[in-house]
Amino acid sequence: MSSGRPARPAKKGTAAKGAGAKGATAGAGAKGATAGAGAKGAEKSRKPPSTAKPDPLPIRSLEFLGPMATIDGWRPTHEMPEVAFAGRSNVGKSSLLNALVRRKAFARVSKTPGRTREINFFAVNGTFVLTDLPGYGYAKISKERQAEWRPLIEGYLRGSGNLRGIVLLLDIRRDPTDDDRQMLDMLADIGCPTLICVTKTDKLSKGATAGRVAALAKNLELDPEQIIAFSAVTGVGREELAEAVVALVSAVPFGSEPEVDG
Ligand code: GDP
């Protein structure tokens with residue numbers, strides 16, 4: 001039955017609209033409320049209206065909840081929605097997470113010896129949990145050890161009732177690996193909303209980046225709208241990613257939508 005394709009990834013635009021309609025998360029909602037109040041009193045305001053968009057994901061607090069090291073091992077028991085981040089080693093995940101939460105060394109926890117093969121959980125603003133999945137496919141280890149990533153990641157993805165979606169990172173300059181494809185197939189099988197974030201786009205021109213995004217979309221049978229172009233060096237894509245994460249957080253749990261007959 002399963003086509004084996006990444007059939008049910010989140011559509012970036014659709015997810016964002018959904019979040020807007022629901023008032024988004026507490027974080028975005030609070031910010032929106034402030035902006036609204038400001039707009040009402042605009043006549044009296046001395047400052048010219050700002051053209052800068054409010055941060056879709058202002059960070060007020062970050063808390064490391066702990067690591068999950070084995071399928072049967074510890075995992076958090078909170079009820080907050082979770083958004084996971086995955087990608088092969090060196091794809092730029094730590095740099096992206098640092099940029100997303102605007103902390104220089106946020107993802108250092110996941111890089112400390114002994115932690116790199118664990119799943120690390122962080123509460124953001126006390127409203128949702130960012131799940132940092134271990135980087136897979138590290139080229140310099142044996143094939144057997146390279147394959148070790150799968151049971152833990154799959155166990156987590158299939159077993160977390162709080163998971164709302166995943167952001168899968170791909171290096172803009174590289175073709176997806178077998179591991180990347182396995183990951184996408186697994187996500188399609190689970191029905192997990194998936195966004196693709198292509199990293200290190202500062203290494204290519206705008207035109208070349210657009211060309212690569214189009215090629216990747218075709219290659220992976222995705223809508224180009226589902227792909228966010230990102231660079232930790234220039235900050236490109238941070239707001240778009242933050243918006244998409246906020247949208248995923250406020251989405252209904254996947255698999256819980258009522259079945260539509262006919
Ligand atoms: P991780 O292993 O996936 O966590 O990747 P890191 O964030 O540690 O990045 C791996 C390497 O890629 C490091 O040398 C980073 O400096 C580099 N890197 C990460 N993001 C970017 C980016 O957006 N642009 C460029 N040019 N290099 C990046």
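Helices (H or I, at least four residues) and strands (E, at least two) are DSSP runs, numbered from the N terminus. The model is predicted: local features need pLDDT of at least 70, side-chain atom pairs count only at pLDDT 80 or more, and totals for chains, interfaces and linings use all residues. Residues are numbered from 1 along each chain as its sequence is written, and side-chain values use heavy atoms, without hydrogens and water.

**Exercise 1. Place Asp171 and describe its surroundings.**

Step 1. Find the element: Asp171 sits in strand E5.

Step 2. Is Asp171 buried or exposed? Buried means under 20% relative accessible area, exposed over 50%, partly exposed in between (1.4 Å probe, protein chains only). Asp171 has 7% relative accessibility, so it counts as buried.

Step 3. List contacts (heavy atoms within 4.5 Å). Beyond neighbours within four places in sequence, Asp171 touches Val91, Thr199 and Lys200.

Step 4. Follow the side chain. From Asp171 it reaches the backbone nitrogen of Arg173 at 2.9 Å.

**Exercise 2. Trace the sheet and find its edge strands.**

Step 1. Recall the rule: two strands pair if DSSP finds at least two bridges between them.

Step 2. Read the order. Seven strands give E1-E3-E4-E2-E5-E6-E7, an open sheet with mixed pairing.

Step 3. Look for strands that pair on one side only. These are E1 (62-68) and E7 (227-229).

**Exercise 3. Examine how E3 and E4 pair.**

Step 1. E3 (residues 119-124) and E4 (residues 128-132) run antiparallel, joined by five bridges.

Step 2. Which residue in E4 is the bridge partner of Ala123? It is Val129.

Key
Polar contact = N/O pair within 3.5 Å; in protein donor to acceptor, adjacent residues only side chain to side chain.
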